[in-house]
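The following paragraphs explain the fold step by step. Please keep the sequence and the coordinates in view while reading.

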Amino acid sequence: MRIEKLPEETQLDYHKRIIYGKLTDKTLSDADYTELSELAYGQRYSSDVARRMFYGSKRTLDLIESERLSHIYDKKTVSEIDAKINELKKERQKFFDQRREYNKIISSKGRQEHLEDVLITAADNLSTTVGNVYPDNYPIIPCSKENEAVLVFGDWHYGMITDNIFNSYNTEICKKRVAEVVSEAISKILLHHCNTVHIVILGDLFHGAIHTSARVASEELTCEQIMQVSEILAQSVENISGCVDNVYVYTTYGNHGRTVQNKNDNIHKDNMERIIPWWLEQRLKNNPKIKELNRGDGEFLFINACGHNLCAVHGDLDNVKSPLGLAGLFRKKRNIDIEYVLLGDKHHRESFEQLGITATICGALCGTDDYANDKRLYSTPSQLLLIVNKERGVDTECVLRCSC
């Protein structure tokens, strides 16, 4: 394990961060005393010795902090500091309570059943939490050409908050962007006379809580994120079905819905995002235009549009060139010739074509987050619409860019 000293930190500040991270705010609670001793004291000690040294250092640091505070004579300033400390303690306790309840859910064998029960109970409140994203119905216009559309949704990261020089994002902006993308997609579907739409959901629709940064940059609890984004997606599918006769929905899962923070310990399929297709099934079961709704049990999605085969996967385990090898595997194992591969996860658009196979990384609805901004990795928020016909396969690629 390695926790680097920050450039602006003094040696004392760094020492204090290591000690308090282990014993006070618990951000380093999972780290071993022996490993941390080398960072705090410059050499490794046994776990028992290091533990005693850590508690000794904490006592010394507490005394230093106490002495420092005792020299503050302004009663008003002391009162303000006390109020801030109490607020921080309350917020920290809230965080600990939320994390404890969250860990209860993900560690129980009935996790999925519990989440389904929570979703059903929360359905009555969606009118106030989500509202009606699409107040107007779209007319059904007869189609005369044999085109089919493939609409790709991915990396919404609903619940994430960011406000950087390139992008601002929160739940309200997410809903506006989804509505804008769906409106533009419907216009292009009607323009190209498509009577069938394949809606492909690449995962990471909600932000989750797999990293400390994800928890800090979220404005909704994970369960609330799942419930609300599922409803937004259901309304989107409902509105798209108003302009065509046939809708096929395919869902896979991303990496932000995993139940274990450490990806090395996680089972890839153990993912809360698999709840979303269950919700869609409940919401859309009375819509006769929904011809198929994939339950998201598989990592890979296979779409046949106008006789042409496409494959989709979230992309956290792949790069833009790896699908070429996967296409050969699918040909051997499933006797399917893949022409087009869709990936998400990378939060930018990129395409690679070789041997008649095109691999495309689709854009992210959430746009540039704080991590990407710090590394100067900018990308315009967008989704993807493909127009497919029998003669040419993927004939048109429409990048659905977000203006808000």
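In this predicted model, L355 has a relative accessibility of 80% and therefore counts as exposed, the cut-off being over 50%. The residue sits in the loop that links β10 to β11. Its phi is positive, at about 55 degrees, although L355 is not a glycine. Most residues other than glycine have a negative phi. The local setting is a hairpin: β10 and β11 have two residues between them, and L355 takes its positive phi near 55 degrees there.

The two strands of this hairpin run antiparallel and are joined by five bridges, with β11 covering residues 357–361. Among the paired positions, Q354 stands opposite I357 in β11. Further along the ladder, S351 has T360 in β11 as its bridge partner.

The hairpin belongs to an open sheet of five strands, arranged in the order β7-β8-β9-β11-β10 with mixed pairing. Which strands stand at the edges? They are β7 (301–305) and β10 (350–354), and each has a single partner strand, so one side of each lacks a neighbour in the sheet. From one strand to the next, the twist averages 20 degrees.

A second residue with a positive phi offers a contrast in its surroundings. D204, which is likewise not a glycine, has a phi near 55 degrees. Is D204 buried or exposed? Its relative accessibility is 1%, and D204 therefore counts as buried, for which the value must be under 20%. D204 lies in a loop as well, between β4 (194–201) and α8 (212–216).

The strand that precedes this loop leads into a set of parallel pairings. β4 runs parallel to β5 (residues 246–251), and six bridges join the two. Within that pairing, H198 has Y248 of β5 as its bridge partner. β5 also pairs with β6 (residues 290–293), again in the parallel sense, over three bridges. Here Y248 stands opposite E292 in β6. Y248 thus takes part in both pairings, with H198 as one partner and E292 facing it in the other strand.

Attention may now pass to the helices. Helix α9 spans residues 222–240 and has 19 residues. From its first C-alpha to its last it reaches 27 Å, close to the 27 Å expected at 1.5 Å a residue. Of its 19 residues, 17 are buried, so α9 is largely enclosed by the rest of the structure.

One neighbour of α9 is helix α7, which covers residues 171–191. Two packed helices are described by the angle between their axes and the distance between the axes. For α7 and α9 the angle is about 15 degrees and the axes are 10 Å apart. The two helices are therefore roughly parallel to each other, a description that applies to angles under 35 degrees. The crossing of α7 past α9 is right-handed. On the α7 side the residues involved are K175, V178, V182 and I186, and these meet I232, S236, N239 and I240 in α9.

A second helix pair is formed by α1 (residues 11–23) and α2, which pack at an angle of about 160 degrees with their axes 9 Å apart. That angle makes α1 roughly antiparallel to α2, since the term covers angles over 145 degrees. The crossing of α1 and α2 is left-handed. Y14, H15, I18, I19, K22 and L23 of α1 make the contact with Y33, L36, L39, A40 and Y41 of α2.

Beyond α2 the chain enters the loop between α2 (33–41) and α3 (47–70), where S46 has its place. With a relative accessibility of 42%, S46 counts as partly exposed, because the value falls between the cut-offs of 20% and 50%. The C-alpha atoms of S46 and Y33 are separated by 7.7 Å, and the two residues are 13 residues apart along the chain. Y33 is also one of the α2 residues in contact with α1.

These elements can finally be placed within the whole. The protein chain contains twelve helices and 13 strands. Of its 404 residues, 47% count as buried. Among contacts in the chain with a separation of 6 or more, 68% are between residues 24 or more positions apart.

Conventions. Residues are numbered from 1 along each chain as its sequence is written. This is a predicted model: local features need pLDDT of at least 70, side-chain atom pairs count only at pLDDT 80 or more; totals for chains, interfaces and linings use all residues. Side-chain values use heavy atoms; hydrogens and water are left out. Two strands pair if DSSP finds at least two bridges between them. Helices (H or I, at least four residues) and strands (E, at least two) are DSSP runs, numbered from the N terminus. Axes are lines fitted to C-alpha atoms, for helices over the stretch in contact, and angles run from 0 to 180 degrees between N-to-C directions. The expected span of a helix is 1.5 Å times one less than its number of residues. Buried means under 20% relative accessible area, exposed over 50%, partly exposed in between (1.4 Å probe, protein chains only). Angles under 35 degrees count as roughly parallel, over 145 as roughly antiparallel, 65 to 115 as roughly perpendicular and the rest as oblique. A crossing is left-handed if the near helix is turned anticlockwise from the far one by less than a right angle, and right-handed if clockwise. Contact means heavy atoms within 4.5 Å.
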